[in-house]
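Biologist: I am new to this structure and would be grateful for a close look at a single part. Could you please take me through the aromatic pairs and the residues around them?

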Amino acid sequence: MDAVWIVAIGAAAAGFVQGLSGFAFGMVAMSFWAWVLDPRLAAALAVFGALTGQLLAVFSVRRGFNWPLLWPFLLGGLAGIPLGVLVLPHLDMDWFKAVLGALLALWCPVMLVAQRLPRIGGNRWGDGAVGLVGGVLGGIGGFAGSVPTLWCTLRGFNKDTQRAVIQNFNLSMLSVTMAIYLATGIVTRDMAPMFAVVAPAMLIPTLLGTRLYIGISDVTFRRVVLGLLTCSGLTLLASSVPQLLAR
């Protein structure tokens, strides 16, 4: 299949998932794009697509906003983004995807089948540290929401509170990451045609996802989030482990 079609299909699938869950664009998109795109281009497209999806979603879903809860995540994330951007050119993406994929594929199913999830009290320092990790992952390639989402799930936030934290956190992290990508030359003019494929391909799926989110319960939302994280982990492993074994 032509790479343009794979980019479009990946953007549509990732847009729907992000519209429904508030995160995971990069993980879903990478499960399609990692097979056909250069890692640098894939990372730039993932950040662009995730940012576009968050801008669409923020006008469609406005519930549970809590600034005192959000700001430690944001401060930590802003500190982490430059670290992720510095690491990106030197990172072995196969090992990165394998480690992150293993974490998600092992931990999330345990949480999914558990009758009662453990609850973490949390505090501003913990939220800031998790935001820092999310910022680093965001700078690497649009993965900012994965670890903060797990953290919010363990803290027992209801779906609107969790979505508000992750959606606004991701929007802030992705905006800064894209600005850095542009300023440092990671995003180049020859990427523009692929950017023009991603934006229209994800538009309707993202809006459909946000509409579906409004009608689901807290329990269903938790299951969706953990299920998506599990699938993301498995796809990251599927795209990285064969490459590592072939070395």
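Modeller: The account below takes two aromatic pairs in turn and ends with a serine. Please bear in mind that this is a predicted model. A pair of aromatic rings is described by the distance of the centres and the angle of the planes. The structure contains four aromatic pairs. One of them is formed by Phe73 and Phe169, whose centres are 6.4 Å apart and whose planes meet at 70°, an edge-to-face arrangement. This pair joins distant parts of the chain, since Phe73 belongs to helix α4 (residues 67-87) and Phe169 to helix α8 (residues 159-184), with the two positions 96 residues apart in the numbering. Phe73 has a relative accessibility of 0% and therefore counts as buried, the limit being under 20%. Phe169 also has 0% relative accessibility, so Phe169 counts as buried.

A further pair is made by Tyr213 and Phe221: because the ring planes stand at 75°, and over 60 degrees is required, this pair is edge-to-face, with the centres 5.5 Å apart. Both Tyr213 and Phe221 are buried. Tyr213 also has charged residues over its ring. Lys159 is placed over the face of Tyr213, 4.4 Å from the ring centre, and the charged end of Arg163 lies over the ring of Tyr213 at 4.5 Å from its centre.

Finally, Ser240 is part of helix α10 (residues 218-245). Ser240 counts as buried because its relative accessibility is 0%. Apart from neighbours within four places in sequence, Ser240 makes contact with Asp94, Lys97 and Ala98.

Terms used. Residues numbered from 1 in each chain as written. Predicted model: local features only at pLDDT ≥ 70, side-chain atom pairs only at ≥ 80, totals over all residues. Heavy atoms only, no water. Phe/Tyr/Trp six-rings, centres within 6.5 Å; stacked < 30°, edge-to-face > 60°. Helix = DSSP H or I, 4+ residues; strand = E, 2+ residues; numbered from the N terminus. Buried < 20%, exposed > 50% of the residue type's maximum accessible area, 1.4 Å probe, protein only. Lys NZ or Arg CZ within 6 Å of the ring centre and 35° of its normal. Contact = heavy atoms within 4.5 Å.
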